[in-house]
Amino acid sequence: MALSTPSSSSVRAAETVRSGLTARQSDPFGRAFQVSLWVAVLATVAILGVLIFDVVTHGWGVLAGETGDFLTGRLGSQPENSGLGQAIRGTFYIGVFVVVLTFPLGIAAAIYLEEYAQHGRLNSLISVAIRNLAGVPSVVYGILGLTIFVKALGSVTGPDANGRTVVSAGLTLSILVLPIVIITAAEALRAVPNGIREGGFGVGATRWEVVRSHVLPYAAPGILTGTVIALARALGEAAPLILVGATTGFLTGGESFLPDSLRERFTALPIVISTWSGRPGEDWAASTSAAIVVLLVIVFAANLAAIVLRNRFERGRR
Amino acid sequence: MAVTTGTVSADDKAGSDPVFELSSLEVFYGEFRAVREVSMEIAEREITAFIGPSGCGKTTVLRCLNRMNDLIETARVQGSVKYHGVDLYDAAVSATEVRRRIGMVFQKPNPFPKSIYDNLAFGPRLNGVKKKSDLDDIVESSLKSAALWDEVKDRLKSSALGLSGGQQQRLCIARCVAVKPDVILMDEPCSALDPIATARIEDLMRELTSEYTIVIVTHNMQQAARVSDRTAFFTTEVNPESDRRTGVLVEYNPTSKIFSTPDDERTEQYVTGRFG
Amino acid sequence: MPLARTPVNLEALRLTGRRAVAETLGRYAFFSAAFFSIIVSGMIVWSLAAETWTFVSQVDYSTLWTDGWFPRRGMYDIKTLVVGSLLTTIVAMLVAVPLGLGAAIYMSEYAKPSVRKVLKPTLEVLAGIPSVVLGFFALTFISPEVVQRLFSGATQFNMLAAGIGVGILTIPLVASVSEDAMRSVPDTLREASYGMGARRVSTVLRVVVPAAVSGLVAALIIAISRAIGETMVVFIAAGATGGSLFSVDVLGPGQTMTAAIASQAAGTDQVVGEGLTFQSLFFVGSLLFLLTLLLNLVADRFVRRVRQKY
């Protein structure tokens, strides 16, 4: 059209173009789409906000009251005389197991997959196995723990407690989070620029020397992030502990942090939360909320540490 | 075709044994043959340049000289590469020991994200140098031989990543020199640098020939003409059946001859800019 | 002086001593660590297989199709559990897919980097919330404050609230996998679309989403697998801990495969009951394992398709 317009009307043509380019385009569908995205985002954030607000307001009374007793006391039949001492101890030991067993094992496996493994049937089988293990429901790991650590190895994990001990729980959860550690550590190793490896090989370093001196230090923040997230996951898991036989009612003992007590019966924070959730009445709900706040503080602190580490790491690299 | 080196080694450097003898070297990546039948000898304390168009296999051949190709999983080598008479691909030979003697400088400067001092001390430490005074000496002498000492002597403890690109590349050369190698392989060492930094590295290469044998891959023909004693020209041949390109060695002669009166027509076309 | 030049011979080019030992030991140690994952897979299969076999070979098949799942009374109606898992998973996806996908599209295509920097950690915090917490939240907040207000017939323990809880748990998963898929779509495609004068919404819906569709399908499948495998929310909020009649009413209590396993193990020192009660736990576990394994393998396919494409 415009191309065939005689030059006498070119002023009018210019006017048309200008108005076409400057007019505010109405795009109701695009607007609506963007608004619905905002709604999705806000709803997600709001859910998180409501959840945290809900447990904090409900649990505040219990936490603000005699926090000392609540944090150190034993499990009881009434909300007033129930404390988290034994549960915190169990959760603490589970964390120790994960740190001591899963971190080195998972990082070593990741090093093999990223730095040593060549293409081959066995190695691809290993990576398929790891990816699938990451998707196995946690309750199935509980069945593994029940069969192997509680029943088959009960005489080792807890001769006086039918194997239903924090040792069994720690081993089970260490295995549960192993694929998470491997996958995140492998990602961190993959992000190491190849030039660093070549530089090492170029001056005659062995594979292990290159990994130890250059690859691991470079990947360390990323690996740490992944391991901390895995730790948080282990501390919050409850389903496998039910199968492994965490105590839900009364518990004698289970308070000592001495290694001897590892082969006694145990409980853990997520288990206590699960059990108390089912008890009727406002008081139990308040105690449960308070226990949740304690668990969330532990888990968030770990996640927060991971996020801060990663941000610092990304900033340092650019 | 592949030129015998007999004619080349008959000149003034005759008498010293060649550092490398390549005979019928072929490199495969999986099923794909990247380089075909390369035979040549590389003389001691000279600069040998590999030139040719992209994909002609010059970098592949260079990386065979210190077994850097081992790091590429699918790579497979046929024929032989002898280094002072020892077959580098002998089962008893360790790639690690090979690379200690035959160092490598890469296309992109790749200092370790550590201090300048630690970059240089890494190799010697691996090889058992522990005394601080010994390490200090090595760091100083390597930096001096890479013409970097004056620029960095006051900040040896600061990060190597803070250096300019040209300085980083000279640091990588110094890092290589620090393990007292016999040969330095350079894979397009100046391609990421500006002309001034390039000129400094070229000067440095000439100085290093007093002690080291240097093999350099370059895209830059003028660079080969300026710095090298001998030049090997590689090109690609297309297999009409599979349409795959394979690198071949066309001509290997003293640099002056390659750039004035080459034996092969393809070399002449390339160096005069009519091809490639 | 170890760095002096020595004559070159075969002996000199051999790696010896501590360095050679460390290299070999390292390789074996790292391989063993990686191989352990195959051992774990074997342990899972082994721990499920024996008792599952006992159950399958001894159970009276008529008890597998009865009025409900009451393992302590010898009623092993599998459809009760499968339908329970299916219903809660559908509810969960109705929550997680729109919210997770919406958040993903927003973060990948609309959000400024500064907004993204806040949003991503927020989702990670949500991802870090233990499922017991969501279970409690579903029971004490979602059920009375949302479900029972909207549907007067809803009971305190109901599958709808549990399903919503599971859905909230899977939002971050849907969001992060989908966002990865969309961010791996090259910018050149977006530029081509804008270059032709397309609006943002058309670019997103007609260029980016179709290009990322494999990854989005993967996100959905992974989320379904995760929802089926989620235990604690349903265990706490859906009721029916002792057993459940067959029911398709999401406003009433129900039981999933996962909650059935946990219920059987919970609260008692030993898993006791009629004949095969203990073994039925493993049977359900095997079913759950195979189902999630299948979903994960399919999802893996789709994820790899994305990787190959770009």
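In this predicted model, the loop of chain A between α7 (154-157) and α8 (166-190) holds Asn162(A). Phi of Asn162(A) is near 55°, a positive value in a residue other than glycine. Such a value is worth a look, because most residues other than glycine have a negative phi. Chain B offers a similar case: Glu188(B) has a positive phi near 45° and is not a glycine either. Glu188(B) lies in the loop that links β7 to α7 (195-208) of chain B.

**How confident is the prediction?**

Chain A has an average pLDDT of 87, and 90% of its residues score at least 70. Among the elements of chain A, the highest mean pLDDT, 95, belongs to α8(A), while the lowest, 76, belongs to helix α3 (residues 67-72). The loop with Asn162(A) therefore runs up to helix α8(A), the element of chain A with the highest mean.

For chain B the average pLDDT is 88, with 93% of the residues at 70 or above. Where in chain B does the pLDDT fall below 50? That happens over residues 1-14, a stretch that has 26 contacts in the model beyond near neighbours in sequence. Please treat such contacts with care, because predicted coordinates should not be read in detail where pLDDT is low.

**The sheet of chain B**

Chain B has an open sheet of ten strands, in the order β5-β4-β1-β2-β10-β9-β3-β8-β7-β6, and its pairing is mixed. Its edge strands are β5 (86-87) and β6 (102-105), each of which pairs on one side only. Helix α6 (residues 165-177) of chain B packs on this sheet, where it touches β6 and β7 (183-187). The direction of α6(B) makes about 170° with that of β6(B).

In general, strands of a sheet pair through backbone hydrogen bonds, either parallel or antiparallel. The table follows the pairings from the β5 edge as far as β10.

| Strands | Sense | Bridges |
|---|---|---|
| β4(B) and β5(B) | antiparallel | two bridges |
| β1(B) (20-29) and β4(B) (75-83) | antiparallel | eight bridges |
| β1(B) and β2(B) | antiparallel | seven bridges |
| β2(B) (32-42) and β10(B) (245-254) | parallel | two bridges |

Individual residue pairs help you find your way along these strands. At the β5 edge, Lys82(B) stands opposite Asp87(B). Moving inward, Tyr29(B) of β1(B) has Ala75(B) of β4(B) as its bridge partner, and Leu25(B) is partnered by Val38(B) in β2(B). On the way to β10(B), Val35(B) bridges to Gly247(B) and Arg36(B) to Val248(B).

Which residues take a positive phi in the hairpins here? In the hairpin of β4(B) and β5(B), with two residues between the strands, His84(B) has a positive phi near 50°. The hairpin of β1(B) and β2(B) also has two residues between its strands, and Gly30(B) in that turn has a positive phi of about 65°.

**The sheet of chain C**

Chain C has an open sheet of three strands, ordered β2-β1-β3 and paired antiparallel. Why is one side of β2 (75-76) and of β3 (244-245) left without a neighbour in the sheet? Both strands stand at the edges and have a single partner strand each, so one side of each has no neighbour in the sheet. Strand β1 (residues 68-70) of chain C pairs with β2(C) over two bridges in the antiparallel sense, and there Trp69(C) has Tyr76(C) as its bridge partner. Helix α2 (residues 78-110) of chain C packs on this sheet, touching β1, β2 and β3, with its direction at about 105° to that of β1(C).

**Two packed helices in chain C**

Two packed helices are described by the angle and the distance between their axes. Helix α1 (residues 17-58) of chain C packs with helix α11 (residues 277-309) at an angle of about 125°, and the axes are 8 Å apart. That angle makes α1(C) oblique to α11(C), because the value lies outside the 65 to 115 degrees of a roughly perpendicular pair and is not over 145. The crossing is left-handed.

Among the residues that meet in this contact are Ile44(C), Leu48(C), Glu51(C) and Phe55(C) from α1(C), with Phe278(C), Phe282(C), Gly285(C) and Phe289(C) from α11(C). By class, the contact has nine nonpolar, seven polar and one charged residues.

Methods. Residues are numbered from 1 along each chain as its sequence is written. Chains are lettered from A and ligands numbered from 1 in the order in which they are written. This is a predicted model: local features need pLDDT of at least 70, side-chain atom pairs count only at pLDDT 80 or more; totals for chains, interfaces and linings use all residues. Side-chain values use heavy atoms; hydrogens and water are left out. Axes are lines fitted to C-alpha atoms, for helices over the stretch in contact, and angles run from 0 to 180 degrees between N-to-C directions. Helices (H or I, at least four residues) and strands (E, at least two) are DSSP runs, numbered from the N terminus. Angles under 35 degrees count as roughly parallel, over 145 as roughly antiparallel, 65 to 115 as roughly perpendicular and the rest as oblique. A crossing is left-handed if the near helix is turned anticlockwise from the far one by less than a right angle, and right-handed if clockwise. Contact means heavy atoms within 4.5 Å. Ala, Val, Leu, Ile, Met, Phe, Trp, Tyr, Cys and Pro count as nonpolar, Asp, Glu, Lys and Arg as charged, and the others, Gly among them, as polar. pLDDT is the predictor's confidence in each residue, from 0 to 100. Two strands pair if DSSP finds at least two bridges between them.
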